[in-house]
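Open the model in your viewer and keep the selection panel at hand. This tour goes stop by stop.

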Amino acid sequence: MTEAADPRSEALELALASQDVAAVAFALRHDVVVVPKLVADASAGAGGTGGPGADGADGADGADADGVAFGAAEQVRVFGRENTDKRILLLFSSADAYAAMVPNDTNRQVMLYDASALRAFLEVHLDVLEQVFFDIAGPHTMAATPEDLLKALH
């Protein structure tokens, strides 16, 4: 996991634009992906407190999962629907693509994951993830099951 001032993956952007599943898998294995970071903010109503927020956002179990897998207590921001314990992982080709999904979030933060960090996260949280979306705000959205994404990362 790394952080950057203007994080993006041109390889993933191009793969999503062509809607090429093999190219997406290749980009994820050989480049980085932008992952939303859960931001603890007492005034945040959109999942910033670590528990489900108004938008169903939730943090993965950072102390026992992310902390062990990545050596840090930073948590991935995942999303969920009401009345379910399953979560959706949203991944992005750039910080701008994430900003398009949450334009009113004034404290959006992201992390860059490489293939091994993404694989470790998926392995730890496979039982609670029901779907993975790439660049969900478009214009080239793609989706995968967590199991299929994990297979593509091996």
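Is R77 buried or exposed? Select R77 and show its side chain. R77 is buried, because its relative accessible area is 3%, and the cut-off for buried is under 20%. Keep in mind that you are looking at a predicted model.

**Stop 1: around R77**

Colour strand β3, residues 77-80; R77 lies in this strand. Now add Y98 and D105 to the selection. The side chains of R77 and Y98 are joined by a polar contact of 2.9 Å. A second partner is D105: its side chain and that of R77 make a polar contact of 3.0 Å.

**Stop 2: the whole chain**

Zoom out and switch to cartoon. Count six helices and seven strands in the protein chain. Follow them from the N terminus, and the order reads α-α-β-β-α-β-β-α-β-α-β-β-α. The protein chain has 154 residues, and 44% of them count as buried. Next, turn on the surface. The exposed area is about 7,400 Å², with 52% of it supplied by carbon and sulfur atoms. For contacts between residues at least 6 apart in sequence, 63% join residues at least 24 apart.

**Stop 3: helix α2**

Select residues 21-30, which form helix α2. Which residues of α2 are buried? They are V24, A25, A27 and L28. These residues sit on the same side of α2, because they cover an arc of only 160° around the axis. Rotate to the face turned away from that buried side, and you find the exposed residues A22 and H30.

Go to the start of α2 and show D20. A side-chain oxygen of D20 comes to within 3.0 Å of the backbone nitrogen of A22.

**Stop 4: what α2 packs against**

Return to the buried residues of α2 and display their neighbours. Among the helices they pack against are α1 (10-18), α5 (115-125) and α6 (146-153). Strands β1 (33-37), β6 (129-134) and β7 (142-144) also pack against these buried residues.

**Stop 5: α2 and α6**

Hide everything but these two helices. Two packed helices are described by the angle between their axes and the distance between the axes. For α2 and α6, the angle is about 65° and the axes are 9 Å apart. The crossing of α2 past α6 is right-handed. To see the contact, select A25, L28 and R29 on α2, then L149, A152 and L153 on α6. Two of these α2 residues, A25 and L28, also belong to the buried set from Stop 3.

Definitions and conventions
Residues numbered from 1 in each chain as written. Predicted model: local features only at pLDDT ≥ 70, side-chain atom pairs only at ≥ 80, totals over all residues. Heavy atoms only, no water. Buried < 20%, exposed > 50% of the residue type's maximum accessible area, 1.4 Å probe, protein only. Helix = DSSP H or I, 4+ residues; strand = E, 2+ residues; numbered from the N terminus. Arc of directions from axis to C-beta. Contact = heavy atoms within 4.5 Å. Polar contact = N/O pair within 3.5 Å; in protein donor to acceptor, adjacent residues only side chain to side chain. Areas by Shrake-Rupley, 256 points an atom, 1.4 Å probe, with all protein chains shown as cover. Axes fitted to C-alpha atoms, helices over the stretch in contact; angles between N-to-C directions. Left-handed = near helix turned anticlockwise from the far one by under 90°.
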